[in-house]
Amino acid sequence: MDEDRRMLPAADVPTDGTVLVTLRPVGDVETETGDRGGDGEELEAMLIELADGIACYRNYCQHWTDVRIDRGNGATVRNGEIVCEKHGAYFASDTGVCSFGPCEGSVLDAIDVAVRDGHVVLADPEYAFERLGPTERPDAAGGSRIDFTGS
């Protein structure tokens with residue numbers, strides 16, 4: 001197994017929340033600022049356990065792309081759907097499809113991961129694993145719009 005692509009033990013990924021990871025684009029990937037190409041700025045992704053493996057999605061809502069779904073302590077998951085608490089959108093954990101909310105029908109951007117030898121590994125060649133947790137960008141706070149949590 002390629003050690004620099006191993007992210008964490010699969011047992012550490014919850015079914016009732018997400019784990020935040022920081023990745024770096026190394027291929028022709030568009031970042032949140034619209035940059036393309038290798039060695040782009042860091043971006044965040046969320047890992048969630050499914051019945052048949054682990055899913056990984058880029059950590060921004062399809063309604064307002066400046067809004068982080070996982071703010072650093074795990075996104076809320078209800079009935080198998082990831083909840084964007086900024087405006088109440090629900091995304092299916094297994095497909096990333098928005099089933100309810102202002103971006104209904106849109107799809108979270110998936111990143112290929114796999115479970116090998118009990119660890120989640122980054123399988124998508126367009127990205128490199130940087131670390132667990134959020135990016136170190138000061139603008140990654142998640143926006144200042146009012147949300148359904150009262151903050």
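# A guided first look at an all-strand chain

Student: What does the chain's average pLDDT come to in this model?
Tutor: Good place to start, since this is a predicted model. Of the residues, 80% score at least 70. The average pLDDT of the chain is 86.

Student: Which residues have a pLDDT that stays under 50?
Tutor: Where pLDDT is low, the predicted coordinates should not be read in detail. The stretch in question has 21 contacts beyond four places in sequence in the model. Its pLDDT stays under 50 throughout, and it covers residues 140-147.

Student: How many helices and how many strands are in the chain?
Tutor: Follow the sequence and you meet the pattern β-β-β-β-β-β-β-β-β-β-β. That leaves the count at zero helices and 11 strands.

Student: What share of the chain's residues count as buried?
Tutor: Buried means under 20% relative accessible area. The chain has 151 residues, and the share that counts as buried is 47%.

Student: In what order do the strands of the open three-stranded sheet stand?
Tutor: Let's start at the edges: β1 (6-9) and β9 (113-116) each pair on one side only. β1 pairs with β10 (residues 119-122) in the antiparallel sense over three bridges. From one strand to the next, the twist averages 30°. The pairing in this open sheet is antiparallel, and the order is β1-β10-β9.

Student: Which residue of β10 stands opposite L8?
Tutor: β10 spans residues 119-122 and pairs with β1 over three bridges. The residue of β10 that stands opposite L8 is V120.

Student: Is β2 mostly covered or mostly uncovered, and how many of its residues are buried?
Tutor: β2 runs over residues 19-25. It pairs with β3 in the antiparallel sense over five bridges, and with β11 in the antiparallel sense over five bridges. The strand is mostly covered, and the buried count is six of its seven residues.

Student: Which residue in β11 is the bridge partner of P25?
Tutor: β2 and β11 pair in the antiparallel sense. On the β3 side, V21 has A45 as its bridge partner. In β11, the bridge partner of P25 is Y127.

Student: Which residues touch the most other members of the largest nonpolar core?
Tutor: In soluble globular proteins, nonpolar side chains tend to be buried together. The largest nonpolar core here has 18 residues, and β1, β2, β3 (43-50), β4 (53-58), β10 and β11 (127-132) each supply at least two of them. A second, separate core of 17 residues includes M46, C61, I69 and A75. In the largest core, the residues touching the most other members are M7, L23, L47, V113, V120 and L122.

Student: Which residues does L47 touch, leaving out those up to four places away in sequence?
Tutor: L47 is one of the residues that touch the most other members of the largest core. With residues up to four places away left out, L47 touches M7, L8, V13, G17, T18, V19, V21, I54, A55, C56, V113 and V120.

Student: How far apart are the C-alpha atoms of L132 and V19?
Tutor: L132 lies in strand β11. Leaving out residues up to four places away in sequence, it touches M7, L8, V19, L20 and V21. Along the chain L132 and V19 are 113 residues apart, yet their C-alpha atoms are separated by 8.0 Å.

Student: Why is the pair of Y90 and F100 called edge-to-face?
Tutor: This is the one aromatic pair in the structure. It links Y90 in strand β7 (residues 89-92) with F100 in strand β8 (residues 98-100), 10 residues apart. Planes over 60 degrees apart count as edge-to-face. The ring centres of Y90 and F100 are 6.1 Å apart and their planes are at 75°, so the pair is edge-to-face.

Student: Why does D117 count as exposed?
Tutor: D117 is in the loop between β9 and β10, and its phi is near 50°, a positive value in a residue other than glycine. The cut-off for exposed is over 50% relative accessible area. D117 counts as exposed because its relative accessibility is 69%.

Student: Where is N79 placed?
Tutor: N79 also has a positive phi, near 50°. With a relative accessible area of 80%, N79 is exposed. Its place is in the loop between β5 (76-78) and β6 (81-84).

Definitions and conventions
Residues numbered from 1 in each chain as written. Heavy atoms only, no water. Pairing = 2+ DSSP bridges. Helix = DSSP H or I, 4+ residues; strand = E, 2+ residues; numbered from the N terminus. Axes fitted to C-alpha atoms, helices over the stretch in contact; angles between N-to-C directions. pLDDT = per-residue confidence, 0-100. Contact = heavy atoms within 4.5 Å. Phe/Tyr/Trp six-rings, centres within 6.5 Å; stacked < 30°, edge-to-face > 60°. Core = buried A, V, L, I, M, F, W, Y, C linked by side-chain atoms within 4.5 Å. Buried < 20%, exposed > 50% of the residue type's maximum accessible area, 1.4 Å probe, protein only.
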